[in-house]
Amino acid sequence: MDFNTIVPGKSGLAGIDADALLVLVAGEKVPAALEGVLGKVLAEAAAQDDFAFKDGQGLYAHRVEGVKARRVAFAWAGDAGVRALRKAVSAGVATLKKGSVVHLAVVVVGAGALQSAAAEALVLAIHDATYLYRATKPSAPAAPRLARVSLVCAKEAQAGLDAALARGQAVAAGVQVARECANRPANHCTPAHLAEQALALGKSHGLKVEVLDRKQCEKLGMGCFLAVAQGSEEPPKFIVARWMGAGKGVAPVVLVGKGITFDTGGISIKPAAEMDEMKFDMGGAASVLGTLRAVAGAKARVNLVGIIPACENMPSGRAVKPGDVVKSLSGQTVEILNTDAEGRLILCDALTYAERFEPAAVVDIATLTGACVIALGHHRSGLFSGDDALAAELLAAGDAALDPAWRMPLDDEYDEALKSNFADMANVGPRAGGAITAAMFLKRFTAKLRWAHLDVAGTAWRSGANKGATGRPVPLLARWVMSQAASSKAAPKGKAGAADRPTGQSRKR
Ligand code: BES
Ligand code: MN
Ligand code: ZN
């Protein structure tokens, strides 16, 4: 899909040459700026209660006399804020999706000049509204024909909005990568498939990609990752992908994504109901690939490393058993009391591996706990970090990108739950505070890192009739990573790199 800006000519909106015109109406009455026949249509509809200046309101008009675009849709856009616009666009596009609209023009009326953030959100909303999973469903309806979207604006605003549209496009492409990847069933999306996706992305977008196999991971000493992988016939893959947009010597940002391509629970097996949804347990990994796609697509001047430990969690004669003790890459030992708490086991070795990049910051992303869904539901992801500055950056990025998170605690008191008589720590605590104890487990592997953890168990996918991956938290991550580029005077490697800096202490950048 292509996006551009257009400036209306002498005949105004009525003269715009497109298959459809989507008018996003802000305010409480017919905007003065809505000239001529379009204003009349809306005023008449409002007078007859066919349209109201209220949430969720829309109106469709076919072949309005004097209007070049043969389809016109109106949608109420509240105060024209970023959130309201997103909602209005989704409703408007839903109205127009059925038809054969190839070229759509979108205009916001009744508000001040369109902000960049709004234009960016608009691109994401349109992609979102037109996304369709087809990979394993030949009977799916043909993809919507929408190929071109023109944002109507004033001449002075064009340059700024064009840049915003391009940024939005890069992020939308990243979201798309994440959704496609996460929606694939587990017999298609295996650890090897994730590795292939990473390699393909490397080829198309200039990433350096390495894939470590079981032998190499053994040699390194990734005992926790391999303990999870050992129950499956699918060979594990440890994927490392690098985007070097800032050049050598600049400390990278590292993203670590949980890549469990299917989580049966292992010997601590899960109940059957909804177990199919555990194909989404690689949503963290998918978001890392998606963010790499977004950042590389935008050619952001930042160094970004994506690390994905990928394997299945299966029960078998070779599977790890409750009570087994394994040794992590960090040297610390872990008593695996519950084999279903596997995410933290693959992440802890990946976090230790991240140290070698002397990163400016590390964020791990994981569909880690059902407890996080109980705590926060499906609207906000759980954010955990001992670093106030990093937490604030991530929360702000999430709010701005309409992909919000909520900070959760990491007090030392929660660590008690992980005591073990047989190893340095257990992999689970009691049920209460399960999202926090999972984060406390990870924290034990981050002493040398400036680190944050995103639990996306409630936000990475939707259940029910609209079951499917959301692509979250790619918008949050892409915005945050790109903001690192904007302010990037990141320290040269080895000098003031994160490895030399105590956690909890933020660095001026
Ligand atoms: N992948 C699950 C977490 C999950 C469960 C996400 C349901 C979304 C919906 C994770 O590996 C898991 O099984 N966690 C356990 C941890 C427990 C054994 C301490 C959980 O949340 O029940
Ligand atoms: Mn599990
Ligand atoms: Zn899991």
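Here are three short exercises, with worked solutions, on a predicted model.

**Exercise 1. Work out which residues coordinate the manganese ion (ligand 2) and why the arrangement of its donor atoms counts as irregular.**

Let's begin with the donors. Asp263 and Glu342 each bind through side-chain oxygen (OD and OE), while Asp340 offers both O and OD, at 2.0 to 2.2 Å. Along the sequence, the spacing of these donor residues reads D-x76-D-x1-E. Next, take the angles: the six donor atoms subtend 70 to 169 degrees at the manganese ion (ligand 2), and therefore the arrangement is irregular. Finally, look for a neighbouring metal: the zinc ion (ligand 3) lies 3.2 Å from the manganese ion (ligand 2), and Asp263 coordinates both.

**Exercise 2. Decide whether Asp340 and Glu342 are buried or partly exposed, then place strand 10 in its surroundings.**

The cut-off we need is that buried means under 20% relative accessible area. Asp340 has 22% relative accessibility, so Asp340 is partly exposed. Glu342 has 1%, so Glu342 is buried. Now turn to strand 10 (residues 259–263): five of its five residues are buried, so the rest of the structure largely encloses this strand. Strand 10 runs parallel to strand 11 (residues 303–313), joined by four bridges, and Ile260 stands opposite Cys311 in strand 11.

**Exercise 3. Describe how domain 1 and domain 2 meet.**

First, set the bounds: domain 1 spans 2–152 and domain 2 spans 172–500. Their C-alpha centres are 38 Å apart. The contact involves 14 residues from domain 1 and 11 residues from domain 2. Then consider area: about 1,100 Å² is buried between the two domains, with 59% from carbon and sulfur atoms. On the domain 1 side, Leu124, Tyr131 and Tyr133 supply 43% of the area buried against domain 2, more than any other three residues.

Definitions and conventions. Residues are numbered from 1 along each chain as its sequence is written. Chains are lettered from A and ligands numbered from 1 in the order in which they are written. This is a predicted model: local features need pLDDT of at least 70, side-chain atom pairs count only at pLDDT 80 or more; totals for chains, interfaces and linings use all residues. Side-chain values use heavy atoms; hydrogens and water are left out. Donors are N, O and S atoms within 2.8 Å of the metal (3.2 Å for Na, K and Ca); water is not among the atoms, so sites may look incomplete. Four donors count as tetrahedral if all angles lie between 85 and 135 degrees; four count as square planar and six as octahedral if opposite donors are over 155 degrees apart and all others between 65 and 115; anything else is irregular. Buried means under 20% relative accessible area, exposed over 50%, partly exposed in between (1.4 Å probe, protein chains only). Helices (H or I, at least four residues) and strands (E, at least two) are DSSP runs, numbered from the N terminus. Two strands pair if DSSP finds at least two bridges between them. Domain bounds come from an automatic or database domain assignment. Contact means heavy atoms within 4.5 Å. Buried area is the accessible area (1.4 Å probe) that two parts lose on being put together, summed over both.
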